[in-house]
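The following exercises concern a single protein chain. Each task is followed by a solution in steps.

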Amino acid sequence: MLKSKLGIAPTPTPSGAFSPSPVSLALATSKTTDYDHTVYDNPYQGDKKILIIATEDGEMTMQNGKRFLTGNHPVELFVPMLHLQKAGFEFDIATPTGKAVKLETWAMPNKDKAIMQLYDAYQPKLSSPILLDSITTLADYVAVFLPGGHGAMLGLPDNPNVARLLLDAHDSGKFTLAICHGPATLLATNLFRQPFVYQGYQIATFPDSMDKVLPHIGYLPGKMPWHYAGKLSALGVRIVNHFADKTCHIDQKLITAASPLAANDFGKLSAKTLLDFVHQDNS
């Protein structure tokens, strides 16, 4: 009762799952974004796309049995997409079984015109994504994008087809872009190959220490079932940030970022890096 009065109790939804508390939504979300409409000189004019591997799982069961209403975070998905689209790249969107992409709709910046226009334009691909198993090669792609949101921890880090495609990206010199909880997806590669292909890499990602705080402000309805950053660290990855901040980082062909606060900078960094790569490749 006291938590409800203070606004730090998670909010029940009609499905029985919980969305974040009013206080945590006020602290962590906004109806607009800091997307800065960067214009890119010499945009890409080729036919290779960016493959977005998204989650189709929208509920995470906490240790206490309560379910968290999750999916991919819309800011972490759409702000980088806006930059990459401005840079000339198009997208395919895939989920493990071809079910619709789940979004953390409670974080939708629905007063941001650019975001909502992009969301409307990609609604068909979000509603009817490609079956991941049907993508046999990354020959038609320049990069793989792993958006964040706690939903990135569901159905992707243990998926053989995700593992196959990420190993393909790694081995063929494609870029992999991952923001916030998106790097959890990288764990899939360990299904087929040890040592971990990202052993020795430095990345930015959402820290476990922050995830452990979130239940106290009602962002999560309980302790998470598992924590991914520690697993990455145990496999030899060094996490460069300590907070859920604007940190972005490049290590070889892996571009990462810490949180939705980094989405604009991450989008610009990804767009500029990919443009440099494709233009150099064609020179």
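**Exercise 1.** Determine which residues Ile50 contacts beyond its sequence neighbours, and place Ile50 within the largest nonpolar core.

*Solution.* With residues within four places in sequence set aside, Ile50 is in contact with Leu84, Phe89, Glu90, Phe91, Asp92, Tyr141, Val142, Ala143, Phe145 and Leu274. The model under study is predicted. Next, consider the largest nonpolar core, which has 87 residues; Ile50, Phe78, Met81, Phe89, Phe145, Leu177 and Tyr198 are those that touch the most other members. Helix H3 (residues 74-86) provides the largest share of this core, seven residues.

**Exercise 2.** Establish whether Ala184 is buried or exposed, and describe its surroundings.

*Solution.* First, locate the residue: Ala184 lies in the loop between strand S9 (175-179) and strand S10 (202-203). Second, apply the cut-off: the relative accessible area of Ala184 is 0%, and buried means under 20%. Ala184 is therefore buried. Third, list its partners: beyond four places in sequence, Ala184 touches Ala152, Met153, Pro157 and Tyr228.

**Exercise 3.** Characterise the lining of the second largest pocket by position, element and class.

*Solution.* Begin with the volume of the second largest pocket, about 160 Å³. Eleven residues line this pocket, and Lys48, Val142, Phe277, Val278 and Asp281 are the closest to its centre. Strand S8 (141-146) and helix H9 (263-282) are the elements that each give two or more lining residues. H9 contributes the largest share, four residues. By class, the lining of the second largest pocket comprises five nonpolar, two polar and four charged residues.

Definitions and conventions:
Residues numbered from 1 in each chain as written. Predicted model: local features only at pLDDT ≥ 70, side-chain atom pairs only at ≥ 80, totals over all residues. Heavy atoms only, no water. Buried < 20%, exposed > 50% of the residue type's maximum accessible area, 1.4 Å probe, protein only. Contact = heavy atoms within 4.5 Å. Core = buried A, V, L, I, M, F, W, Y, C linked by side-chain atoms within 4.5 Å. 1 Å grid on protein atoms, 1.4 Å probe; cavity = no way out; pocket = protein on both sides within 12 Å on 5 of 7 lines; lining within 4 Å. Points joined across faces, edges and corners; volume = space filled by probe spheres on them. Nonpolar A, V, L, I, M, F, W, Y, C, P; charged D, E, K, R; others polar.
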